[in-house]
Amino acid sequence: MGLLFDEHPLVLSPTLAKVLGNLNEAVFIQQVHYWLEIKKQTGKNFVEGRYWIYNSVEDWLKQFPWMSSATLRRTIDNLVQKGYVVKGNFNQKKMDHTTWYTLNYEKIMEIDNKIRVEKEEAAQIALAALQLEEMEIPEPLAEQAADRIAQNEQIDLPKCTD
């Protein structure tokens, strides 16, 4: 079947796409990460403390055939401007203008940590709300507890296991 992975699929993180607000940017970052991991395994293209990959626009378009050249360039420029992608030129020949790319993993980890904390907080709030539902608390106390949760205050929760 031609549309169901007879060819090498591209990976997409829905959370990354949501954070970036752009599917093309999320796919591009994931693909750069994929190639950087291969470079890391081979030990090639390690420059200035980072692994790098390089591709011409034409080579990138082979990996992203739904993008036009203008869309690809805009995608890369947006990611560079946002600080997720770093561009460089480490070519041996001065005439070679092939651009090298790496990811700013520090910036990506900041977002990853923020999302993790938000998920943990949401889980704590959901657990506290569930525990409040299960407890028989006089109405005024229940309202006070709900207000504390709504204000995102830390509350002591009993440790429980799944």
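Me: What makes a stretch a helix or a strand here, and where does asparagine 45 then fall?

Reply: Helices (H or I, at least four residues) and strands (E, at least two) are DSSP runs numbered from the N terminus, and asparagine 45 lies in the loop between helix H2 (23–42) and strand E1 (46–47). Its phi is positive, about 60°, although asparagine 45 is not a glycine. This is a predicted model, in which local features need pLDDT of at least 70, side-chain atom pairs count only at pLDDT 80 or more, and totals for chains, interfaces and linings use all residues. Residues are numbered from 1 along each chain as its sequence is written, and side-chain values use heavy atoms, with hydrogens and water left out.

Me: Why is glutamate 48 called exposed?

Reply: Exposed means over 50% relative accessible area, buried under 20%, and partly exposed in between (1.4 Å probe, protein chains only); glutamate 48 has 66% relative accessibility, and therefore counts as exposed. Glutamate 48 sits in the loop between E1 and strand E2 (50–51), with a positive phi near 55°.

Me: How do you know that the span of helix H4 agrees with its number of residues?

Reply: The expected span is 1.5 Å times one less than the number of residues, so the 14 residues of H4 (69–82) should span 20 Å, and the end C-alpha atoms are indeed 20 Å apart.

Me: What covers the buried residues of H4?

Reply: Thr71, Leu72, Thr75, Ile76 and Leu79 are buried in H4, and what covers the buried residues of H4, by contact (heavy atoms within 4.5 Å), includes helix H1 (14–20), H2, helix H3 (57–63), strand E4 (85–88) and strand E5 (99–103).
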